[in-house]
Amino acid sequence: MLGVLATATAGAGCGGDDDNEQPDRIPGTPDPVHAREVERNPYAVTCNDLARQPLHPLSQKLVIHAEFALARKPVLRAVVRKLTLNRVGRAVYYGLKTECKGREPSYRPARPAIEGVLDGTYRVAKNRPG
């Protein structure tokens, strides 16, 4: 029964090009080649990466790295100076998640997410004193 459940769970993945995981890879982990690509180029983060985030800490790490690497891009410097890197990173993450709604797992949401941060569509609310 556990074998059937494990097979069904692995087969029910998040979709995308790398769902035919290598047999020795733990389900939910990012493809190592793709992870290196995102490390070099955070614009390569995909909706599949965001969908896998709750499945394994390495997938979480990939997405967190990408969101803050994107927040450090020169195009967002003025926003970071105004709001802080942490808040801009969270806004980028919100933009990534929102841009992925209804999209293919292979879709790369970074550019529209950054555009949304720049135009104020994706923001993180300021904490207000109690």
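Is Thr-84 buried, partly exposed or exposed, and what is its relative accessible area? I am working from a predicted model, and there I find Thr-84 partly exposed, with a relative accessible area of 41%.

**Entry 1, the loop before α6.** I placed Thr-84 in the loop between α5 and α6, and then looked up its backbone: phi is positive, about 100 degrees, although the residue is not a glycine. I noted this because most residues other than glycine have a negative phi. A second positive phi that I looked up belongs to Gly-120, which follows α7 and has a value near 85 degrees.

**Entry 2, α6 against α7.** I next took helix α6, residues 85–100, together with helix α7, residues 110–118, and found that their axes come within 8 Å and cross at roughly 125 degrees. Angles of 65 to 115 degrees count as roughly perpendicular and those over 145 as roughly antiparallel, and α6 and α7 are therefore oblique to each other. As for handedness, α6 passes α7 in a right-handed crossing.

I then asked which residues make this contact. From α6 I listed Val-88, Ala-91, Val-92, Gly-95, Leu-96 and Glu-99, and the residues they meet in α7 are Ala-110, Pro-112, Ala-113 and Val-117. Sorted by class, the contact of α6 with α7 is made up of 8 nonpolar residues, 1 polar and 1 charged.

**Entry 3, what α7 keeps covered.** Looking at α7 by itself, I wrote down Ala-110, Pro-112, Ala-113, Ile-114, Gly-116 and Val-117 as its buried residues. The cover over these buried residues of α7 includes α4, α5 and α6.

**Entry 4, Ala-78 in α5.** Since α5 is part of that cover, I also looked up Ala-78, which sits in helix α5, residues 77–83. At 47% relative accessibility Ala-78 counts as partly exposed, because the partly exposed class lies between 20% and 50%. Its C-alpha atom is separated by 9.3 Å from that of Leu-118, a residue 40 places away along the chain.

**Entry 5, the disulfide.** How many disulfides does the model contain? The count comes to 1 disulfide, formed by Cys-47 and Cys-100, with their sulfur atoms 2.1 Å apart. The cut-off for a pair of cysteine sulfur atoms is 2.5 Å, so this pair qualifies as a disulfide. The link of Cys-47 and Cys-100 is left-handed, with -90 degrees about the S-S bond. It joins distant parts of the chain, as Cys-47 belongs to helix α3, residues 47–52, and Cys-100 to helix α6, the two being 53 residues apart.

I checked whether the two cysteines are buried or exposed. Cys-47 has a relative accessible area of 6% and is buried, and Cys-100, at 13% relative accessibility, counts as buried too. Both values are under 20%, which is why I enter both cysteines as buried.

**Entry 6, His-65 in α4.** The last residue I looked up was His-65, whose place is in helix α4, residues 57–71. With a relative accessible area of 28%, His-65 is partly exposed. Which residues does His-65 contact, leaving aside its neighbours within four places in sequence? I found Val-38 and Glu-39. For Glu-39, which is 26 residues from His-65 along the chain, I also noted that the C-alpha atoms of the two are separated by 7.5 Å.

How values were computed:
Residues numbered from 1 in each chain as written. Predicted model: local features only at pLDDT ≥ 70, side-chain atom pairs only at ≥ 80, totals over all residues. Heavy atoms only, no water. Axes fitted to C-alpha atoms, helices over the stretch in contact; angles between N-to-C directions. Parallel < 35°, antiparallel > 145°, perpendicular 65-115°, else oblique. Left-handed = near helix turned anticlockwise from the far one by under 90°. Contact = heavy atoms within 4.5 Å. Nonpolar A, V, L, I, M, F, W, Y, C, P; charged D, E, K, R; others polar. Buried < 20%, exposed > 50% of the residue type's maximum accessible area, 1.4 Å probe, protein only.
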